[in-house]
Amino acid sequence: MGGDRLENKTSVSVASWSSLNARMDNRFATAFVIACVLSLISTIYMAASIGTDFWYEYRSPVQENSSDLNKNIWNDFASDEADEKTYNDALFRYNGTVGLWRRCITVPQNINWNNQEKTESFDMVTRCNGFTLNEQFMEKYVDPGNHNSGIDLLRTYLWRCQFLLPFVSLGLMCFGALIGLCACICRSLYPTIATGILHLLAGLCTLGSVSCYVAGIELLHQKLELPESVTGEFGWSFCLACVSAPLQFMASALFIWAAHTNRKEYTLMKAYRVA
C-alpha cells in the first residue's frame, strides 16, 4: 500500500516536471523565434536603407529641368571636387535625392556631360555621383562653399555620425546573430542575453543616425534656403531606417526577456525537483 502511494507520487512529480519543462521550452522558443524574425527584418531594412539613395528628396518644377538648362551646374555636380554648396544647388534645382553614399539629380537623357551639347529632349534620366571618403570626413563650413568662413563643428560631426552609425548598427546585429547561433548550438542562456544587449546597442546607433541626419538637414537648410517652388521631404530610405530602430528594440526586449524567463523558471524547476 505504501509502495503504491510512493510510486503514484513519483509518477505525478515526473509528469509535473515534464509539463513545466515543456511549457518553459515552448515560451522560450516562441519568444526566441519572434525575436529572430524581427532581427532579420530590421537587418534587411537597415541594409536597404544604407544601400539606397532616398534619404532625402527634393521636388522642383519640371519646367525648370527642361528649359533652364544650366550645364555648368551639371558638370560641377559630376566633378569629384564639387563643394557642399555646388552639389546642393544642383540637388535643389534638379529633383535631387541624397543617400548616405551618393547624390543624384534628374537631367535630360541626351545631355553630353563632356562638351555641354545642347539638347531639347524631355526624356529625363537620373545621374548619380558618390561621396568619396574624403568628402565624408571633410569639414563643413559655417557658410557652405566658403572655406574662409570657419569650420562648423556641429554639422561636421553630425555628418560623420550619420553615415558611420548605420554601419556600426548593422555590424552589431550581424555579430548578435552569430552569438544567437551559438546560443542555439550550446543551448545556453548567456549568449541569448548578449544577443539582446547587442540588438539594444544597434537600435541606439540606428536612432542616433536618424537623429543626426534630421538635425544635419535642418541645419543645412538654415544655411542654404530652398529656392521658391522647391520642396524637400524625407524619402523611403530614411523611413526604412526609422522602422528598423523599433524593430531592433523589440527584438532586444524579446531576447533578454526570453533568457531571463527561461533562467528563472529553470531555477524554480531545479528547486521543485529537489523538493
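Trainee: Where does Asp53 lie?

Mentor: Asp53 sits in the loop between helix 1 and strand 1; helices (H or I, at least four residues) and strands (E, at least two) are DSSP runs, numbered from the N terminus. A word on the source: this is a predicted model, in which local features need pLDDT of at least 70 and side-chain atom pairs count only at pLDDT 80 or more, while totals for chains, interfaces and linings use all residues. Residues are numbered from 1 along each chain as its sequence is written, and side-chain values use heavy atoms, with hydrogens and water left out.

Trainee: Why does Asp53 count as buried?

Mentor: Buried means under 20% relative accessible area, exposed over 50%, and partly exposed in between (1.4 Å probe, protein chains only). Asp53 has 8% relative accessibility, so Asp53 counts as buried.

Trainee: Which residues is Asp53 in contact with, leaving aside neighbours within four places in sequence?

Mentor: Contact means heavy atoms within 4.5 Å. Among the contacts of Asp53 are Thr97, Arg102, Cys104 and Cys128.

Trainee: What makes Cys104 and Cys128 a disulfide?

Mentor: The term asks for a pair of cysteine sulfur atoms within 2.5 Å. Cys104 and Cys128 have S to S 2.0 Å, so the pair fits the definition. By this rule the count comes to one disulfide. The pair links distant parts of the chain, 24 residues apart: Cys104 is in strand 3 (residues 102-108) and Cys128 is in strand 4 (residues 124-130).

Trainee: Is Cys104 buried or exposed, and what is Cys128 called?

Mentor: Cys104, with a relative accessible area of 2%, is buried. Cys128 has 35%, so Cys128 is partly exposed.

Trainee: What makes the nonpolar surface patch?

Mentor: Patches are made of residues with over 30% relative accessible area and no salt bridge (a side-chain nitrogen of Lys or Arg within 4 Å of a carboxyl oxygen of Asp or Glu); like charges are joined within 9 Å and nonpolar side chains (Val, Leu, Ile, Met, Phe, Trp, Tyr) within 5 Å. Val33, Val37, Leu40, Ile41, Ile44, Tyr45 and Val243 make this one, of about 580 Å², with areas from the Shrake-Rupley method with a 1.4 Å probe, where for residues only the protein chains shown count as cover. Helix 1 (residues 2-51) gives the most, with six residues.

Trainee: Why is Val37 called partly exposed?

Mentor: Val37 has 44% relative accessibility, so Val37 counts as partly exposed. The place of Val37 is in helix 1.
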